[in-house]
Every structure is written in structure tokens, then in C-alpha cells.
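I opened the notebook to record a few look-ups on one structure, taking helix packing, backbone geometry and internal space in turn.

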Amino acid sequence: MAYNAETEKKIKKLIDEMTLEEKAGQLTLRGVGMVLGSDIPDYEDLRCGRVGLLPHYEDPKIANEIQRVAVEESRLGIPVIFCLDVIHGYRTAFPIPWSEAMSWESELAEKTASAAAKEATCAGVKLTFAPMVDIARNPCWGRICEGAGEDPYLGSKFAYARVKGFQGDDVSDPDKIAACAKHFCAYGFVEGGRDYNCVDMSESRLYNYVLPPFQACIDAGTKSIMAAFNDINGEPCTSSKWILTNLLRERMGFNGVVISDAFSVGALVKHGVAADEKEAAKNSLNAGMNVEMMTLAYRENLPELVKSGEVDGKVVDKLVSEVLRLKFELGLFDNPYVDVNKGKKVILCKEHKDLAQESAKRSIVLLENNGVLPLSKNKKIALIGPMADDQYEMVGEWCVTCRKEDCVTLKTVLEKIADVRYAKGCGFDDDESGFDEAVKAAKESDVIVYAIGQSQDLCGEARSRIKLVVSKTQEKLLKLLKKTGKPIVTIFVSGRPIVLNTVKEYSDAVLFSGALGSMAGYAYCDVIFGDYNPSAKLVSTFNQSYGLGGTGYYNALRVSRPACEDTKWCSKFFDAPIKPLYPFGYGLSYTNFEYEGLKTDKTEYKKDETVKISINVTNTGRFDGEEVVQVYVEDPVGSNVRPIKELKGYQKVFIKKGETKNMEFEIKISDCGYYNRNLEYVVESGKLMIGIGTNSEKYDSVEIFVK
């Protein structure tokens, strides 16, 4: 990559003037804010150049004062970078990333990331620890809520879009912030789905499933990447030169700043690969880790490590240069201060609220509907359940600066539209004291809207769980409500896939989403009353049993004895159903779509050619609607074992009732290859099956041959 020559001269001049202590400071992300709730650092650290990046939250005046000390009172006048977890909103909360991915609209994710960046810059924030692009197949892992699900193709689309949304075309723009793609790498594959655990996987699996979204972030120009807590095959990512230099920089082409996860450099001692923090600092520096977050191993040990020769001074200069280059790219040397009045016009503005509502309604998946939805507004509605009027639950996991009082609940909006009888009925625990009130409200109404789910406190980081089921209290109340004979519309909210067998059995309609953010109440009403016809599709497989240990994903490898019902001598759990409850890509509409006429432009292709494939999709129902048309490729015979199927394309299309649209896709044969055990990307000759349909289990296929 070509760098600005004048900027490089300035960087070299600063490097030549810096002491080892000041260099260590530039590689330190230090502040009490992430731990104690304050964003005011030790000003003496700033004056002495002992800190290069700081966590910061809300007050732009404090940001400017911190920056003033760094720029005007330190020896070299180097500004700091303010950092924050802006995962799915700053003050305007958008749907959690996993839920937003169910829209299958990456362009929507780019818009929400852009809006979040614009609000965050009002406080002086110029770097976000997002997007999280870990592929997650195990619903036991709580951080599944931060990503885009189980598929690397879809995940890559959203990863690219979110980086573009945060950074734009020029990250020095006052409305843009640097992205920090995380967690590099394979954090979504931790053993048992337990946070901070180990990862043991082949390199070919790493290349085929884990790395594509990170490569998409690099292609989008992400300015930073966060190293993961976990080890891979015995090497902690925090101190692995193979991971941070050979793989990330040399093979994948990343040239930005690598930041450790919180406290992870010091944690190398607990990993058992460093005797103390001095050795931990040495290993991380030599591996290519630019910035240490929270712990002080770099600051306290770097000078001595360089003087003793354990760390080459040139290695340190390179790492510091990359941090300084980022500060120049962010425009901090030219304009270190923030307009303290900007937030009055930007934060929670109408444009962002409208976008939040649009994103939220497009992220709601219709799982079941026997005709009860959409509802008529003249119905008497019993609104029951803990999700109906809980602003806190609307915010969602990892929304640090969003406030519950800014969120609009379903009850607030529904009461403006319809005749509502509200009874909470139950919560997230074992309290049954509200059952009688809920049943009474149901009997007095025409239809029940039952809003339940998992509290956000049960999802997210450090929230790994085994029993992924509906709470017994919520299930018990659902069964009681069913006895009233009134139709039940269940809204289920969760930050991870949940076993919904009972919900499906006892409900007449089921809507699913993650936490939808500030405008959740409006979004639910848009869908419930048919002002918006739901179009979202699942990005994770929903299984019928919670004990599958992350084995239920759709694109699993072929095995010698595939699962079947007729024999026990096959790959399955004998006490669990084979089929998922809802497959990857599943989602209904208030209308119906029929597929026919699948064809390709020819039947034989060279490896450098593109398949042109098309199908007619007809809206045969009573409503206009949108359909996510999905393309899957099957490779029946390969030199290595291949997945049963893989997503290779999709389009969301609006089709009026009675209308037919011809959907055309172009699939490069080269995109149907894979990394073999030698880490060579191979495109093999032979048969391929290409299918188009409505989800990963329902599509028509055609056979082609690759020469």
C-alpha cells in the first residue's frame, strides 16, 4: 500500500524523537472508564506520553480537555484516539447485529453503522471495537448475538458493509470512525461454546469458514483488527506470530493496527505461555501486536526488553509507526477536537430513529402463521408477557451508551393503535403470581399477543449457556393461555437460537427477533398489523434439542454414514430429532412465493467461467411482499470431504401479488472452490449441483459439469 510521503516524514520524525517510554505509551490503550465507569484518565499519563488510546463514552467537553492536555501539554503533542464499543448504536439503538443480519440486507447494516458512527463522533470517539465477524455455529456461545450467524458467505457480506458504514471512503471525515474487526480469530469456535476457551481446528477449516469475513473486512479497508482471547491449536492469538504476522499481515494483506482484547496480554500468564507480564509483553510485541488494552505489560516492560535485545527496536518502531499512521489517517493531528454542539442535532435525530424502525421491522422473522396475522386494528388485544413493556430489554446486548428511556416498547405503541388489555403475566424467572391476571385479560379479548423470550442478561459475553430453552414459567403460561381458546401471536425475543418446540405447538403465529433497539415497539406493530409484510430469514439453524453442542449447522461436512430415521447405524443423536425445527435461511411472509423454471445458460463450464442461472418466482398470495431468493451449491465429489451445501448467492426482491419475476444470478466457478489440507485454493473438475429456493432445505437444483 502506498502511503502519503509527507505523512511518513512526520511519522519518522516523531519516531526519532520519542523515548522508549513514549513509544510504549503509544502502544497502550489505558483508562479506567471500561472498568470503573469513568472516562477521565490520569492527566499525568497524558503529559508524559504514557497513553496512546483511551476508552471514552459521552461528554465531548471531557474529550476535548483530555485531547488538549495530550496535544498542548505533552512533549511531542501526539493526540489520543478515543475508543468505544459501538456495536449496534451509540444512543439510537439499532437491532443487535445477529438480528439485523436476518434482514439479509447488508446495505441496511452499512446505513446503521454509518448512523452509529455519526452519533459516536459527537463524543469524540474515533474508533469502534466492531464489527464482530466471528462465524458462530454453537448457540451455547453467548456472543453469537454480536455477529451475523453461521454462514461465512453471508457473514462476509455484512462484515464488509459494516466496515464501510463505520469508515466511509475517508475515515478522517468528522462523521466517521475507524472499524476494529474482531476477534482474530476463531473465537466463535471455542470449545463447548464457552467464552475465553480454547480452539482446536484444522487450518483448512480455519481458511474455509473462519477467515472469509475477516478478509472481507480487510478488503473493505478496516483500519484495525482485534486479536482474540483464545488460542488456536495451542497458540494464543495474542502472542502468535503465525496468526498476527504470517497469516494476518503477510497472507491476508492487513496493514493496519492490531489491538489486543481487554487484559489479554497479561492473561498470557494464565494461558501458561508466559512466566510473567514481562515475558507476555515480549511475546506479544514480537508477534506483531500493536496495542495492549487495559493491562500495562508493554508500558512497564518495553524499554527494558528493547535495551536487553529481547525485542528489536525496529520491531517497536514499526508497531508505533502503524499507530501514528492511524492517528494521521483519522485526521487527529490536524483536528483533534470535537464540536461540543454537534450532538444536539445528531443524537437521536428523526433520521436515525426512522432508520432504527426500518431496520427493526426488516429484522423480524415470521416463523409460524395459521392465518391470524396480520391482525385487524379493531380487535380487542390481550398484551401479555415480560417483553411487552420492558425498555431495558429493547436496548439489547453490548449497547454501552444506549439508554433504556430512549426505547419505545410494544405496549406504548400498541395502546395508541388498538383496544389493549395489558397484563405482564410472568417475567424471566419462576414467579407465577401474574398468571390469573393474564388469563383474565385473555378471556376478555379477541386475540392474545404474548411477548416473551430470554432477557439480554442471558445473552452476550460471559453468558455461555447449556439449556437453550424457553423458561418453564413462560411455557406454563403459554399453555394456560391456549386453554382460553383465543388465537395466540407469540413474539419471542432472544440473542441466540432457542428450542421453540412448545412455542410452535401452542401458538397460532410466531414472530422471532433479537433485541430490536430504540424503535422496537413501532417495528413490531408495523409487522403485526401488516403495515410491513415480514421478509426476514434466519441466519442460524434452530434445532429441536438444545444438547447438540453446536453440531446442527446447515453446511456441515458430508459423513460416511449420513443421519437417517431408519437405522441407528448412522451419524446422529439417538435421543434427538435429525431435522432442525427451522433451517438456516427460513422465514415466512404474509404472502406465498412459488419457484419454477430453474435453468442455466449451459451445462458445461471451464473453471474461469461464470454460471448464469435463473428461476421464475411468483407471488401467489394476497399481499405484496419481499422474498429472499437463495442460491446453494453442492459439490458431490471432491478430493477433500465437502459440505453438504453452501450458500453462494442471494437477492431480496419485492414482488407484487400475482406478479412473476425472473431472478437471475451469476455464480463464478472459481467461487465454488475451497482450501485443501495444503492450504491451496483449488477449483476441481466434476459435477456441481446449483439450487435456488426459499431456504437451505427447500430449493430446486440443476446439475452442471466443470471441465
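At what angle do helix α1 and helix α14 pack, and how far apart are their axes? I kept in mind throughout that this is a predicted model. I found that α1, residues 5-17, packs against α14, residues 313-329, at an angle of about 130°, and that their axes are 10 Å apart. Because angles over 145 degrees would count as roughly antiparallel and those of 65 to 115 as roughly perpendicular, I entered α1 as oblique to α14. I noted the crossing of α1 and α14 as right-handed.

I then listed who touches whom across this pair: from α1 come Thr7, Glu8, Lys10, Ile11, Leu14 and Ile15, and they meet Asp317, Val320, Ser321, Leu324, Arg325 and Phe328 of α14. Sorted by class, the residues of the contact of α1 with α14 comprise 6 nonpolar, 2 polar and 4 charged.

Next I followed the backbone through strand β5 and the loop after it. I found a cis peptide bond between lysine 182 and histidine 183, with omega about 0°, and I placed histidine 183 in β5, which covers residues 178-184. Another cis peptide bond joins phenylalanine 184 to cysteine 185, where omega is about -5°, and cysteine 185 belongs to the loop between β5 and α9. In that loop I also marked alanine 186, whose phi is positive at about 70° although the residue is not a glycine.

Which helix did I pair with α9, and how do the two cross? The partner I looked up is α10, residues 241-251, and the two axes come within 12 Å and cross at roughly 60°. That angle makes α9 oblique to α10, and I recorded the passage of α9 by α10 as a right-handed crossing. On the α9 side I listed Glu203, Leu206, Tyr207, Leu211 and Ile218, which meet Trp242, Leu247, Leu248 and Arg251 in α10. By class, the contact of α9 with α10 has 7 nonpolar and 2 charged residues, with no polar ones.

Last, I turned to the internal space. How many cavities of 30 Å³ or more does the structure hold? I entered 7 of them, and for the largest cavity I wrote down about 160 Å³ of space. This cavity is lined by 23 residues, of which Pro139, Leu468, Pro497, Thr541 and Asn543 are the closest to its centre. I closed the entry with the classes in the lining of the largest cavity, namely 12 nonpolar, 9 polar and 2 charged residues.

Conventions. Residues numbered from 1 in each chain as written. Predicted model: local features only at pLDDT ≥ 70, side-chain atom pairs only at ≥ 80, totals over all residues. Heavy atoms only, no water. Axes fitted to C-alpha atoms, helices over the stretch in contact; angles between N-to-C directions. Helix = DSSP H or I, 4+ residues; strand = E, 2+ residues; numbered from the N terminus. Parallel < 35°, antiparallel > 145°, perpendicular 65-115°, else oblique. Left-handed = near helix turned anticlockwise from the far one by under 90°. Contact = heavy atoms within 4.5 Å. Nonpolar A, V, L, I, M, F, W, Y, C, P; charged D, E, K, R; others polar. 1 Å grid on protein atoms, 1.4 Å probe; cavity = no way out; pocket = protein on both sides within 12 Å on 5 of 7 lines; lining within 4 Å. Points joined across faces, edges and corners; volume = space filled by probe spheres on them.
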